[in-house]
Amino acid sequence: MGRFLASPGEQLERGPIAVILIEDQAEVAATLSHHLRLGFRKILALSPEPLPAMAPLDDAKGRVLNLIHDTRARDALTRAVNAVIEAAPEDSWLYYGYNAEFLFYPFSETRSIGEMLGFHAEERRRAMLTYVVDLYAPELTRNPDAVSMDRAMFDRTGYYALGRPDRQGGFRERQLDFYGGLRWRFEEHLPPDRRRIDRIALFRTEKTLRLLPDHRLSVEEYNTYACPWHNNLTAAVASFRVAKALARNPGSREHIRDFTWRNSVPFDWESHQLMELGLMEPGQWF
């Protein structure tokens, strides 16, 4: 990764760019295929070892580039994204996520990521709030890694927001801390700094901009959920990542028999379902 970013040539000239950290083998091909369908011009797939050839991947134009990076190291995501910010042209749209995470935005079935971000930029927005919606398999006995694409479930209720404190004892303007999903229901197994579900996963690069370890950005306006005048678009990241960790980690796996509860519903893999439940905001885009 370091050698490539030192001299990327024209490979990062046309965005939007997706950075996908691959931590394990869970649904790697599905993750990359999903983001190819959204229309990303370049996908940087970062993995500790070279990825095997993936037959289901429809990438005739070579948009997926596999780069070697220690994705299991501490702050691996932060270091990788900040390195891409420095290497990419100014004002490039950048998305970041992990394997077994899937980006959705309003009308993503019929509108490309470029179309959506073009509209967002016209509203003078340089970043987009995304909610991480936890997915999980309905039966851990059948799917011990908690991953099931065909039978994925998620929570339809239980989401809430709190004001984000500032250093003067007040609250930051147009910023909130969002909670819910598995991080809320099983919060005793997660450290406090890992319980939020908000992430600024889409943003426009600036040379001095930096991603912080808590998924915020170093420029405060980038962390806002909307402009001062009206609501803006928001997106969602449907993610098996927390379910995988809870099912795998010794401190939690012995205490969790099942992730389903009375408010679990099947995930339809479409943006309309997320909008209906208030987990995405179409803003002025129809």
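Which residues of β4 are buried on one side, and which on the other? The legends below describe close-up views of a predicted model, beginning with this strand.

**View 1. Strand β4 and its two covered faces.** In β4 (93–98), Trp93, Tyr95 and Gly97 are buried on one side, while Leu94, Tyr96 and Tyr98 are buried on the other. Both faces of the strand are thus covered, and 6 of the 6 residues of β4 count as buried. In a regular strand, side chains alternate between the two faces of the sheet.

**View 2. The strands paired with β4.** β1 (17–21) runs parallel to β4, and the two are joined by 5 bridges. Within this pairing, Ile17 has Leu94 of β4 as its bridge partner. β10 (198–204) is antiparallel to β4, with 3 bridges between them. Here Trp93 stands opposite Arg204 of β10.

**View 3. Helix α3 and its surroundings.** Helix α3 comprises 12 residues, 76–87. At 1.5 Å a residue the helix should span 16 Å, and its end C-alpha atoms lie 17 Å apart, which agrees with that expectation. Its buried residues are Ala76, Leu77, Thr78, Ala80, Val81, Asn82, Val84 and Ile85. The elements covering these buried residues include α1 (2–6), β1, β2 (42–47), β4 and β10. The strands β1 and β10, shown in View 2 as pairing with β4, are therefore seen again here among the elements that cover α3.

**View 4. His120 in helix α4.** His120 belongs to helix α4, which covers residues 113–122. The relative accessibility of His120 is 0%, so this residue counts as buried. Leaving aside residues up to four places away in sequence, His120 touches Trp93, Arg125, Ala127, Met128, Asn232 and Leu233. One of these contacts, Trp93, is also among the buried residues of β4.

**View 5. The largest cavity and its lining.** The model contains 1 cavity of 30 Å³ or more, and the largest cavity holds about 50 Å³ of space. Its lining consists of Leu129, Arg164, Leu176, Phe178, Arg196, Asp198, Arg199, Ile200, His215, Asn223, Thr224 and Tyr225. By residue type, the lining divides into 5 nonpolar, 3 polar and 4 charged residues. β9 (171–179) and β10 each supply at least two lining residues. The largest share, 3 residues, comes from β10, the strand that also runs antiparallel to β4.

How values were computed
Residues numbered from 1 in each chain as written. Predicted model: local features only at pLDDT ≥ 70, side-chain atom pairs only at ≥ 80, totals over all residues. Heavy atoms only, no water. 1 Å grid on protein atoms, 1.4 Å probe; cavity = no way out; pocket = protein on both sides within 12 Å on 5 of 7 lines; lining within 4 Å. Points joined across faces, edges and corners; volume = space filled by probe spheres on them. Helix = DSSP H or I, 4+ residues; strand = E, 2+ residues; numbered from the N terminus. Nonpolar A, V, L, I, M, F, W, Y, C, P; charged D, E, K, R; others polar. Expected span 1.5 Å × (residues − 1). Buried < 20%, exposed > 50% of the residue type's maximum accessible area, 1.4 Å probe, protein only. Contact = heavy atoms within 4.5 Å. Pairing = 2+ DSSP bridges.
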